[in-house]
Amino acid sequence: MPPPQTVYLVDGSGQFHRAFHAIRGLATSKGLPTNATYGFTTMLRKLLEDERPEHVVVLFDPPGKTLRHGEYAEYKANRPKMDDALAVQVPYIRRVCEALRMPVVEIPGYEADDTIATLVRQAVEKGLKVVVVSADKDLLQLVTDDVLVLNPGREGSGSTRFDRKAVEEKWGVPPERIADVLALVGDAVDNVPGVRGIGDKGARDLVREFGPVESVLDHADEVKRAAYREGLKSHRADALLSKQLVTLRTDAPVLLDLEAFSRQEPDRGAAHALFKELEFQGLAREYAPEVTAVAADHRLLARRE
């Protein structure tokens with residue numbers, strides 16, 4: 001029996017935000033910021049070179065509110081609007097995907113994480129393997145024997161693969177309990193309330209001892225540390241709401257389409273023109289239309305040596 005096919009799901013929004021904050025001071029001679037675009041492009045290029053995926057898709061967050069805003073009106077209320085220096089790059093990031101012929105999925109009302117979770121469910125139901133490409137800890141709750149999370153390395157560093165063992169080694173709980181830890185801790189950026197006074201270590205200890213949030217709450221009187229005990233008893237509703245908010249949904253209106261997600265060769269002409277416009281000189285040379293595939297392979301081999 002042939003090995004199961006693997007689908008790569010790239011957390012596009014998470015990756016370009018990460019690149020924006022990791023790379024500073026990069027802009028064209030006309031002043032157009034390009035740090036997020038460059039970091040996102042090099043991440044995709046490295047992924048394609050190293051992993052050689054047969055099926056891959058990039059997922060983006062849609063503009064506007066999502067279903068969680070209906071569940072909790074204050075969701076992400078503290079988050080500032082997108083930085084202008086990043087917002088101006090979003091169209092270029094999408095053009096990078098188009099030039100590299102990377103399929104893109106964006107579902108109105110659903111965060112990219114939920115769309116990813118939905119596609120993960122569908123892929124596993126079809127007997128496929130999945131690699132989620134993201135640095136987002138929320139997505140670690142999707143890890144199973146059939147699903148890995150690949151955290152791309154920053155410039156000059158290697159990637160990290162999270163299987164079930166790696167998740168438990170880093171977090172102290174298995175993937176299916178990640179949402180419980182996140183719910184107890186909360187998230188100031190997304191305005192997820194959590195339980196006041198409980199941090200990462202305390203949340204992990206409680207989940208290891210009592211199990212999911214619901215069980216932690218039911219055993220609040222047995223918690224030895226007074227601050228945790230009182231916090232759980234006085235913030236029960238916040239804990240349950242937080243669990244609802246951090247748990248990824250698997251019901252987004254999207255269908256896994258292996259044909260549409262099949263990896264295609266890049267549009268070298270479009271990529272070359274775009275990278276010249278962005279003044280990514282090395283990438284522009286690499287994707288020059290006159291460069292044959294053999295020559296490109298020789299350059300890649302030389303870099304690795």
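**A sheet, a buried aspartate and some salt bridges**

Hi everyone, let's start with one pair of residues: L59 sits opposite V105, which belongs to strand 3. Before I go on, please keep in mind that this is a predicted model.

That pair takes us to two strands. Strand 2 covers residues 55–59, and two bridges connect it to strand 3, with the two strands running parallel. Now let's step back to the sheet as a whole. How many strands does the open sheet have, and what is their order? There are six strands, in the order 3-2-1-4-5-6, and the pairing is mixed. At the edges we find strand 3, residues 104–105, and strand 6, residues 160–162, each of which pairs on one side only.

Let me walk you over to strand 5. Strand 4 and strand 5 run parallel and are joined by four bridges. If you want a residue pair to click on there, V131 has L148 in strand 5 as its bridge partner. Going on to strand 6, the direction changes: strand 5 and strand 6 are antiparallel, with three bridges between them. Here V149 is partnered by F162 in strand 6. And is strand 5 mostly covered or mostly open? Mostly covered, since four of its five residues are buried.

Next, the helices on the sheet. Helix 1, residues 12–22, lies across strand 1 (6–11), strand 2, strand 4 (129–133) and strand 5 (147–151), and it runs at about 50° to strand 1. Helix 2, residues 35–51, also packs on the sheet, where it touches strand 1, strand 2, strand 4, strand 5 and strand 6. The direction of helix 2 makes about 170° with that of strand 1.

Now for the aspartate I promised you in the title. D11 belongs to strand 1. What is the nearest side chain of opposite charge to D11, and how far away is it? R18 is the one, at 9.0 Å, and D11 has no salt bridge although it is buried. What does the side chain of D11 reach at 3.1 Å? The backbone nitrogen of G14. The D11 side chain also makes a polar contact with the side chain of S134, at 2.8 Å. Leaving aside residues up to four places away in sequence, D11 touches L59, A112, D113, I116, V133, S134, D136 and L139. You'll recognise L59 in that list as the residue opposite V105.

On to the salt bridges. The whole structure has 24 of them, and I've picked out a few to show you.

Let's go back to helix 2 for one. E49 and R45 form a salt bridge through their side chains, with 3.8 Å from N to O. Why are these two about one helical turn apart? Because they sit four residues from each other in helix 2. Both E49 and R45 are buried.

The next pair is D114 and R68, a salt bridge with its closest N and O atoms 2.5 Å apart. D114 is in helix 6 (residues 112–125) while R68 is in helix 3 (residues 67–71), so this pair ties together parts that are 46 residues apart in sequence. D114 counts as buried because its relative accessibility is 2%, and R68 is buried too, with a relative accessible area of 4%. This pair is also part of a network of salt bridges, which links R68, K76, E111 and D114.

For the last pair, please turn to helix 9, residues 200–210. D205 and K201 are four residues apart in that helix, so about one helical turn separates them. Their closest N and O atoms are 2.9 Å apart, in a salt bridge. Are these two buried or exposed? D205 counts as partly exposed, at 27% relative accessibility, whereas K201 is exposed, with a relative accessible area of 62%.

Let me finish with helix 13, residues 268–277. Which of its residues are buried? They are A271, H272, L274 and F275. Their cover includes helix 2, helix 5 (90–99) and helix 14 (281–286), so helix 2 turns up once more. After helix 13 comes E279, with a positive phi near 65°.

That's my tour for today. Thanks for listening, and I'm happy to rotate the model to any spot you'd like to revisit.

How values were computed. Residues numbered from 1 in each chain as written. Predicted model: local features only at pLDDT ≥ 70, side-chain atom pairs only at ≥ 80, totals over all residues. Heavy atoms only, no water. Pairing = 2+ DSSP bridges. Contact = heavy atoms within 4.5 Å. Axes fitted to C-alpha atoms, helices over the stretch in contact; angles between N-to-C directions. Buried < 20%, exposed > 50% of the residue type's maximum accessible area, 1.4 Å probe, protein only. Lys, Arg positive; Asp, Glu negative; His and termini not counted. Salt bridge = Lys/Arg side-chain N within 4 Å of Asp/Glu carboxyl O. Polar contact = N/O pair within 3.5 Å; in protein donor to acceptor, adjacent residues only side chain to side chain.
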